[in-house]
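Work through these exercises with the structure open beside you. Try each task before you read its solution.

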Amino acid sequence: MPDPAPRLTGDGFVLRPWRSDDLDALLRHANDEAVSRGLRDRFPFPYTRADGEAFLGGRILAPGTLNLAIEIDGAACGSIGAQPGTAERGHTAELGYWLGQAYWGQGWMTLVVGLFAPWVMDELGLFRLQAEVLDFNEGSARVLLGNGFQEEGTARCAVFKRGQLHDLRRFALIRQPT
């Protein structure tokens, strides 16, 4: 059973549960078209106060999703999480993350994924952690490849977002049973 209130400390950042007092920081970083562009539509733009309250109130993510705030410089500025599979896919989880644009290109997500991925695999007893990346999101692909994920393939014309059709690249980090 996952720790209900994990706190992971990395080099210059903390991964911790979201709190109600994170609302202003969440709105500051989430209400950005460039951030939402590469995410599922459940992460809207514009990102309103009502959206932030629904997220912090646990009304957006699927039940069982383990989701943590990324805190840099004392404030939440992004999120990372894993949604476990069920039944015969219970050994697998889908990884998702985002980071406020003010922190892009500085190596933060590579460090965050490097801390979170092995921890969540241990915590949830996973043999597979997978992530999907829209075709234009080279930064996210580099983060995954830099943390040992392997690219497994591309689902062509898989996502229609903001009037454009996109391919979806799939990456996975695998751990063999011992």
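## Exercise 1: Salt bridges

The structure, a predicted model, holds 12 salt bridges.

**Task.** Find the salt-bridge partner of Asp22, and decide whether each of the two residues is buried or exposed.

**Solution.**
- Step 1. Look for a side-chain nitrogen of Lys or Arg within 4 Å of a carboxyl oxygen. Asp22 meets Arg16 in this way, with N and O 2.8 Å apart.
- Step 2. Check the cover. Buried means under 20% relative accessible area. Asp22 has 3%, so Asp22 is buried. Arg16 has 2%, so Arg16 is buried.

**Task.** Which parts of the chain does the salt bridge between Arg49 and Asp24 tie together?

**Solution.**
- Step 1. Take the distance. The closest N and O atoms of Arg49 and Asp24 are 3.2 Å apart.
- Step 2. Place both residues. Arg49 belongs to helix 3 (residues 49–56), and Asp24 belongs to helix 1 (residues 23–30). The pair therefore ties together parts that are 25 residues apart in sequence.
- Step 3. Check the cover. Arg49 is partly exposed at 43%. Asp24 is also partly exposed, at 49%.

**Task.** How many residues apart in sequence are the parts tied together by Lys161 and Asp41?

**Solution.**
- Step 1. Confirm the bridge. The side chains of Lys161 and Asp41 form a salt bridge, 2.7 Å from N to O.
- Step 2. Place both residues. Lys161 is in strand 7 (residues 150–161), while Asp41 is in the loop between helix 2 (33–37) and helix 3. The parts they tie together are 120 residues apart in sequence.
- Step 3. Check the cover. Lys161 is buried at 6% relative accessibility. Asp41 is exposed at 58%.
- Step 4. Look for shared partners. Arg16, Arg19, Asp21, Asp22 and Glu71 are joined into one network by salt bridges that share partners.

## Exercise 2: A buried charge

**Task.** What does the side chain of Asp32 make a polar contact with?

**Solution.**
- Step 1. Find Asp32 in the loop between helix 1 and helix 2.
- Step 2. Look for a salt bridge. Asp32 is buried but has none. The nearest side chain of opposite charge is Arg162, 8.0 Å away. The cut-off for a salt bridge is 4 Å.
- Step 3. Look for a polar partner. The side chain of Asp32 makes a polar contact with the side chain of Gln101, at 2.8 Å.
- Step 4. List the contacts. Beyond neighbours within four places in sequence, Asp32 is in contact with Phe45 and Gln101.

## Exercise 3: Cores

**Task.** Which helix gives the largest share of the largest nonpolar core?

**Solution.**
- Step 1. Start with a general rule. In soluble globular proteins, nonpolar side chains tend to be buried together.
- Step 2. Size the core. The largest one has 34 residues, and Ile80, Leu95 and Leu129 have the most contacts inside it.
- Step 3. Find the suppliers. Elements that each give at least two residues include strand 4 (75–84), strand 5 (92–99) and helix 4 (108–124). Helix 4 gives the largest share, 9 residues.
- Step 4. Zoom in on Ile80. Among the residues it touches are Leu15, Leu68, Leu95, Val112 and Phe116.
- Step 5. Look elsewhere. A second, separate core has 14 residues, including Leu23, Tyr47, Ala69 and Trp98.

**Task.** What do the buried residues of helix 1 pack against?

**Solution.**
- Step 1. Count. Of the 8 residues in helix 1, 6 are buried.
- Step 2. Name them. They are Leu23, Ala25, Leu26, Leu27, His29 and Ala30.
- Step 3. Find their partners. These buried residues pack against helix 2, helix 3, strand 4 and strand 5.

## Exercise 4: Backbone details

**Task.** Which two residues does a cis peptide bond join?

**Solution.**
- Step 1. Check omega. A value of about -5° marks the cis bond between Phe45 and Pro46.
- Step 2. Place Pro46. Pro46 lies in the loop between helix 2 and helix 3.

**Task.** Where do Asp73 and Ala87 lie?

**Solution.**
- Step 1. Take Asp73. Its phi is near 55°, positive although the residue is not glycine. Asp73 lies in the loop between strand 3 and strand 4. Asp73 is exposed at 66%.
- Step 2. Take Ala87. Its phi is near 50°, again positive in a residue other than glycine. Ala87 lies in the loop between strand 4 and strand 5. Ala87 is exposed at 69%.

How values were computed
Residues numbered from 1 in each chain as written. Predicted model: local features only at pLDDT ≥ 70, side-chain atom pairs only at ≥ 80, totals over all residues. Heavy atoms only, no water. Buried < 20%, exposed > 50% of the residue type's maximum accessible area, 1.4 Å probe, protein only. Helix = DSSP H or I, 4+ residues; strand = E, 2+ residues; numbered from the N terminus. Lys, Arg positive; Asp, Glu negative; His and termini not counted. Polar contact = N/O pair within 3.5 Å; in protein donor to acceptor, adjacent residues only side chain to side chain. Contact = heavy atoms within 4.5 Å. Core = buried A, V, L, I, M, F, W, Y, C linked by side-chain atoms within 4.5 Å.
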